[in-house]
Amino acid sequence: MKNFTSIKEMSKEEILETLNIAKKLEIQNKEERIKIMQGSIMTSIFFEPSTRTRLSFTSSAYKLGCNVLGFDNPDASSIKKGESFRDTIYMVSSYSDVIVVRHFIEGVAKFASEITKTPIINAGDGANEHPSQTLLDLYTIKDELRSIENKKIAFVGDLKYGRTVHSLSRALSLFNLELYFVAPDNIQIPEYILKELDANNIKYHLLNNYESILKEVDCLYMTRIQRERFDDLDEYEKIKNIFIISKKEIENKCKDNMIIMHPLPRVDEINIDLDNTKYAKYFKQAYNGVPVRMAMLTLATDSIKSKFNNIKLDSISNEKVVCTNSKCITNFEPTQNRVIKKEYGDFCYYCNKEIK
């Protein structure tokens, strides 16, 4: 079995293996593909709203012949009665061959993988990580630009709370490329992500606007300003419309083969007049979630055998809670309070935040 809880636990080779399997599954004969996970059960438990992630995992499971259980409204489950997340995982594990979990608390997927032998797939945990989105993003870049190597990629929008950006930045640090982070200072990419990029010798730039780099970048990765992540709504109101792109901002001002990506949903940061241009790849990106999540399900359950194991992250356990992130699972459930020690700082094993 294989867990997909953090992109940090995947090597470059493992990532490329997953993308290659996704491509094979995408073009495989339907009658053959539907036999791969026949009789297996995927349970998806979503404690946070989702459209694309939940539906694409469900679609992926059905295309593989897998049965589907789960909920997308915790109020309709025993959570409403006060059941702990720990007990929910214990219970769900007894019914499932693989569990897909999305939660607003950071680090829940890593925690779940510690307390069950059933493989866990992280479908997004708060502002922390979203590895399935990362893999479909990489799949899209590779498919559209023919390679991930030697590209220039710009992230625009909410880079502080955007878990898709955090996971994808980590994954891209395994490749030879250049990154641009475009955001106001108060929602710029977190320092702990930059420390990881520095450790991997990745060249990056911090900017407040994207106009000056349009002729340079191969991919413009837009994100929405996430209202639900802000504790201070006045802060959100000040910057919610700061980046809006349309045809007039893009056409004849960018590289001819530049692509525009977005994890969706969008609000108004991409005008609909871009939807039918050659640059727009965000709906194709969403479609790519199906083959990629098929690959994740097959690898997690050993329905397709991987040549690689998850990277084991060395960590130190603590008796007391040491993570200072109030949204970390260590503040909600008894855990091992594990810490990863690096030359450039100490980091929570569960939520990835730096411990200062």
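## Close-up views of a predicted protein model

Contacts (heavy atoms within 4.5 Å) in this predicted model often link distant parts of the chain: of those with a separation of 6 or more, 73% are between residues 24 or more positions apart. Local features need pLDDT of at least 70 and side-chain atom pairs count only at pLDDT 80 or more, whereas totals for chains, interfaces and linings use all residues. Residues are numbered from 1 along each chain as its sequence is written, and side-chain values use heavy atoms, with hydrogens and water left out.

**View 1. Here is the whole protein.** Twelve helices and twelve strands form its secondary structure; helices (H or I, at least four residues) and strands (E, at least two) are DSSP runs, numbered from the N terminus. Along the principal axes, the C-alpha atoms fill a box of roughly 55 × 55 × 40 Å. The radius of gyration, taken over C-alpha atoms, is 20 Å, which agrees with the value near 21 Å for a compact globule with 356 residues. That globule rule is 2.2 Å times the number of residues to the power 0.38. Of the 356 residues, 58% are buried, meaning under 20% relative accessible area with a 1.4 Å probe, protein chains only.

**View 2. Step into the largest nonpolar core.** A nonpolar core is a set of buried Ala, Val, Leu, Ile, Met, Phe, Trp, Tyr and Cys residues joined through side-chain atoms within 4.5 Å. This one has 61 residues, and Leu135, Phe155 and Leu297 touch the most other members. Helix 12 (residues 289–300) gives the largest share, eight residues. Apart from this core lies another, of 26 residues, including Phe71, Ile89, Ile115 and Tyr349.

**View 3. Meet the neighbours of Leu297.** Leaving aside residues up to four places away in sequence, Leu297 touches Met37, Met42, Phe57, Ser60, Ala61, Leu64, Val98, Val100 and Ile121.

**View 4. Now look at helix 4 and its cover.** In helix 4 (residues 85–93), the buried residues are Phe85, Arg86, Thr88, Ile89, Val92 and Ser93. They lie on the same side of helix 4 because they cover an arc of only 160° around the axis, judged by the directions from the helix axis to the C-beta atoms. Among the elements covering these buried residues are strand 1 (41–46), strand 3 (98–103) and helix 5 (108–115).

**View 5. Last comes a hairpin.** Strand 10 (residues 339–342) and strand 11 (residues 345–348) run antiparallel, joined by four bridges; strands pair if DSSP finds at least two bridges between them. The hairpin connects strand 10 to strand 11 through two residues. Opposite Val339 stands Cys348 in strand 11.

Key:
Buried means under 20% relative accessible area, exposed over 50%, partly exposed in between (1.4 Å probe, protein chains only).
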